[in-house]
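Dear colleague,

Please find the structure below for your records. My notes on what was found in it follow directly after.

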Protein chains: 2
Amino acid sequence: MSKIETNHPKRRRGADLENAVLSSAWQLLNEVGYHDLTMAAIAKKANAAKPVLYRRWPDKSSLAASAILKFGPKLDVKIPDTGSLREDLIDFFGQLIKIFDIFGTEKLNGLVTDRLKSIPMEKLFETSNSDNKLQKSVEEILKNAEKRGELVFKNLSPRVLHLPSVLFINEVVSQESVTMAVITDIVDEILLPVFTANS
Amino acid sequence: MSKIETNHPKRRRGADLENAVLSSAWQLLNEVGYHDLTMAAIAKKANAAKPVLYRRWPDKSSLAASAILKFGPKLDVKIPDTGSLREDLIDFFGQLIKIFDIFGTEKLNGLVTDRLKSIPMEKLFETSNSDNKLQKSVEEILKNAEKRGELVFKNLSPRVLHLPSVLFINEVVSQESVTMAVITDIVDEILLPVFTANS
DNA sequence: CATTTTAAGATACCAGGGTATACTATTCAA
DNA sequence: TTGAATAGTATACCCTGGTATCTTAAAATG
């Protein structure tokens with residue numbers, strides 16, 4: 001009996017190994033949460049060595065983020081088009097809540113703040129390959145609103161375009177649970193006034 | 001000669017010791033910045049033992065914050081009253097910049113994010129004894145604006161009142177330097193539209 | 001004063017993030 | 001086929017935040 005299965009290489013490499021690590025990280029994240037997630041445990045569970053992790057990810061928070069990106073609920077790329085800016089925004093951010101609800105926010109405690117050490121808030125939703133999906137979605141929603149005459153897109157500065165991400169992250173970091181009520185408040189009290197200020 | 005003067009007590013206690021620690025922390029903060037500030041170094045410089053630090057402050061970021069509160073530039077309690085909400089806001093937040101400019105923001109890298117692990121954003125400016133001065137100031141500025149008919153104060157929700165702090169913190173966390181240009185942009189593009197949305 | 005209580009001192013320790021090193025299995029180019 | 005380059009494995013190590021323990025000075029109590 002030899003290498004029947006083709007792949008029982010003594011050493012996994014590249015994508016193989018990477019997947020094993022991410023998978024282990026994802027499982028542990030679900031079991032113990034970000035705070036109690038340790039690099040050593042991930043390595044052990046993946047039958048890999050710690051340096052392997054650090055060769056691929058600069059730090060624990062990046063690794064965790066990658067795992068969530070890979071195994072977590074996918075952002076519904078469907079951009080709502082309800083015919084009203086308000087409804088579109090509420091609908092869209094309502095979808096975002098899910099990512100945090102799947103675990104319960106305690107399991108993610110510390111992740112966001114750790115991420116903020118290396119990257120600015122607006123970039124939190126960027127993946128390495130793809131661009132900031134959240135940002136793009138918001139822009140599309142706003143352009144749809146422009147077609148209906150609700151605002152003038154080119155009047156919106158980058159800072160204003162980032163505002164939704166910033167406010168959303170803020171809620172998450174503030175350790176409160178982000179409910180639909182919170183979302184509608186943010187939209188009504190802040191986002192709509194800002195977006196339509198130059199309509 | 002009684003010991004009331006406590007000239008060379010072998011052991012400092014209470015406020016004495018606390019001041020020594022805070023002073024050491026402040027000096028080290030200026031020398032090496034928050035990231036390279038270590039509890040051991042603070043203790044050593046203050047000729048104190050590490051447990052002394054942890055008996056008074058729950059963690060490194062709290063100790064650093066206390067030191068800054070004690071020795072850093074005082075927030076000018078003077079609330080501007082220029083006759084225009086816009087100018088008042090710009091003036092006030094312009095004052096805040098100073099705290100971060102004294103060091104250069106790199107020296108404070110990590111402090112804010114560490115603080116966010118234990119307290120929500122809006123509370124970052126609260127001290128243990130006094131209430132949130134920043135918050136109070138913003139409210140006063142807004143009430144002055146109400147007198148001039150620029151807005152209706154009671155229409156502003158807590159979330160909206162916290163917005164200035166949130167945006168300011170966000171800029172700091174984003175590792176960009178917060179300039180006056182940034183401040184005026186924030187005021188013009190975001191704060192004014194939001195505050196006056198219900199005028 | 002004498003005794004009790006409080007808190008500082010000294011120090012050892014633990015856990016976890018992150019790095020360095022020496023060695024070896026794979027891949028790939030020649 | 002062989003040899004160099006690449007990237008795993010194993011493991012020891014460093015650093016620092018934070019804790020535990022034991023001793024002892026000082027303050028408070030009476």
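A polar side-chain atom of Arg13(B) lies 3.2 Å from a base oxygen of DNA strand C, a polar contact (a pair of N or O atoms within 3.5 Å). The elements that give two or more residues to the surface near the strand are helix 3 (50-56) of chain A, and helix 1 (14-32) and helix 3 (50-56) of chain B; helices are DSSP runs of H or I with at least four residues, numbered from the N terminus. Helix 3 of chain B contributes the most, with four residues.

This is a predicted model, in which local features need pLDDT of at least 70, side-chain atom pairs count only at pLDDT 80 or more, and totals for chains, interfaces and linings use all residues. Residues are numbered from 1 along each chain as its sequence is written, chains are lettered from A and ligands numbered from 1 in the order in which they are written, and side-chain values use heavy atoms, with hydrogens and water left out.

DNA strand C is surrounded by 23 residues, a residue being near when one of its heavy atoms lies within 4 Å. The closest are Arg11(A), Lys50(A), Pro51(A), Arg55(B) and Arg56(B). Of the strand atoms that come within 4 Å of the protein, 62% belong to sugar and phosphate.

The backbone of chain A also takes part. A backbone N or O atom of Leu37(A) is 3.2 Å from a phosphate oxygen of DNA strand C, and a polar backbone atom of Met39(A) is 3.0 Å from a phosphate oxygen of that strand.

Yours sincerely

Key:
Polar contact = N/O pair within 3.5 Å; in protein donor to acceptor, adjacent residues only side chain to side chain.
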